[in-house]
Amino acid sequence: MIKIGVVGAGSIGLLFAAYMHKLFDVTVYTRSLGQAEQINRNGIRLVKGAGPLTAKVRAEVLGANEMDNDLTIVAVKQYQLDSVIFHLPANGGLLFLQNGMGHLKLLDQLKADDIYVGSVEHGALKEAPDTVSHNGAGLTRVAVFRGDPWLLEKVASLLPGNFPMEIEPDYYEMLAGKLAVNAVINPLTAVLGVRNGELVDNPRYEKVLEKMFEEVARILDFHDKQERLLKVKGICRNTSENRSSMLKDLDAGRPTEVDAILGYLLDKASSKGLAAPLLGAFYEMIKGREWTGRVNR
């Protein structure tokens, strides 16, 4: 049986472990001993989607033992990568599931032969250290960053139809498409304090969405702008009741991935001599909310 490691026991890490547990030998790597003990004792509870079910998987604290997996799925936030990267094995495949594209420079430095990147379109909410809710069914898109695709193809072929994985031919195009979605939906919902669906249900918010997308499309050199804009709006509708990860992070007083998302785009805009006033304004607003959260803690 293929051995799968899942680094990070947040909403996405728990979701992947829950759906994969019957098909693979799964180990979840947590940050705290308490969460590892709770998962070992109770399993992972999936309360929506294919649930209710309990996934009996192993859990251990990251760094407690040397990893020995065929594929290690890294499901932490992009700003957390620096703290976990030295725990990752040099052998076996690595699949990174971060938002944004700022982590690509870091992946170049890794020694692993087979490195993959992914884009997760599911909606998930971690309700407890051992419980995850699958709030919006979607697709996991993956692509080869470096190395051989055989392991990725094998895992994708074994996943169930209600948790599909699709292999894309070009990792840059795949991540750029997801970046465009994240760069519009996440900052808008975070600043406005609304669920995803309100961005298209409210005509005033929809106008701002379109203007933000125009800046993103210009920076990323999209030639099929209208098609991609329709996809962003479609995701808003398909996940209408979801609260974006950036909104949840701000409400919880956690750091956001704004540097990996808007920060990356603003750097790219600067290098091209392009103006991006809306993206810049939302970047500063998000950083301001983060600062306020730190001061008030």
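**Entry 1: Glu121 and its partner**

I began with the accessibility of Glu121 in this predicted model, and at 23% relative accessibility I have to enter Glu121 as partly exposed. Its side chain meets that of Arg141 in a salt bridge, with 2.7 Å from N to O. I then looked up where the two residues sit: Glu121 is in the loop between β8 (115–120) and β9 (123–128), while Arg141 belongs to strand β11 (residues 140–146), so the pair links distant parts of the chain, 20 residues apart. Arg141 has a relative accessible area of 19%, and I enter Arg141 as buried because the cut-off for that word is under 20%. I note that Glu121 at 23% falls in the partly exposed class, whereas Arg141 at 19% falls in the buried one.

**Entry 2: other salt bridges**

How many salt bridges does the structure hold? I find 19 of them, and I followed two more in detail.

In one of these, the side chains of Glu214 and Lys225 meet with 3.0 Å between N and O. Glu214 lies in helix α8 (residues 203–219) and Lys225 in helix α9 (residues 225–238), and although they are 11 residues apart, the pair is entered as a link between distant parts of the chain. Both ends have some accessible surface: Glu214 is partly exposed at 34% relative accessibility, and Lys225 is partly exposed as well, with a relative accessible area of 32%.

The other joins the side chains of Lys272 and Asp221, again as a salt bridge, with an N to O distance of 2.7 Å. Here the separation in sequence is 51 residues, with Lys272 in helix α11 (residues 258–272) and Asp221 in the loop between α8 and α9. For Lys272 I read a relative accessible area of 34%, which is partly exposed, and for Asp221 46%, also partly exposed.

Which residues do salt bridges with shared partners join into one network? I list Glu121, Arg141, Glu166, Glu168 and Lys231, so the pair of my opening entry belongs to this group.

**Entry 3: backbone details**

I returned to Asp221 for its backbone, and found phi near 60°, a positive value in a residue other than glycine. I record this together with its place in the loop between α8 and α9.

I also looked up a cis peptide bond: the one from Gly51 to Pro52 is cis, with omega near 10°. Pro52 lies in the loop between β3 (44–46) and β4 (53–55).

**Entry 4: the second largest pocket**

For the second largest pocket I note a volume of about 300 Å³. Which residues of its lining are closest to the centre? Of the 19 lining residues, these are Glu173, Met174, Gly177, Arg228 and Lys231, and I recognise Lys231 from the salt-bridge network. The elements that give two or more residues to the lining are α6 (171–192) and α9, and the biggest contribution is that of α6, with 6 residues. By type, I divide the lining into 7 nonpolar, 2 polar and 10 charged residues.

**Entry 5: Thr239**

Is Thr239 buried or exposed? I find Thr239 buried, with a relative accessible area of 11%, and I place it in the loop between α9 and α10 (245–251). A polar atom of the Thr239 side chain lies 2.6 Å from the backbone oxygen of Ile235. Leaving aside residues up to four places away in sequence, Thr239 touches Asn196 and Gly197.

**Entry 6: Leu81**

I closed the session with Leu81, which lies in helix α3 (residues 81–84) and is buried, at 1% relative accessibility. Which residues does Leu81 touch, not counting those up to four places away in sequence? I list Val74, Val76, Phe96, Gln98, His103 and Leu106 as its contacts. I also looked up Met101, which is 20 residues from Leu81 in sequence and 13 Å away in space, C-alpha to C-alpha.

Technical notes
Residues numbered from 1 in each chain as written. Predicted model: local features only at pLDDT ≥ 70, side-chain atom pairs only at ≥ 80, totals over all residues. Heavy atoms only, no water. Salt bridge = Lys/Arg side-chain N within 4 Å of Asp/Glu carboxyl O. Helix = DSSP H or I, 4+ residues; strand = E, 2+ residues; numbered from the N terminus. Buried < 20%, exposed > 50% of the residue type's maximum accessible area, 1.4 Å probe, protein only. 1 Å grid on protein atoms, 1.4 Å probe; cavity = no way out; pocket = protein on both sides within 12 Å on 5 of 7 lines; lining within 4 Å. Points joined across faces, edges and corners; volume = space filled by probe spheres on them. Nonpolar A, V, L, I, M, F, W, Y, C, P; charged D, E, K, R; others polar. Polar contact = N/O pair within 3.5 Å; in protein donor to acceptor, adjacent residues only side chain to side chain. Contact = heavy atoms within 4.5 Å.
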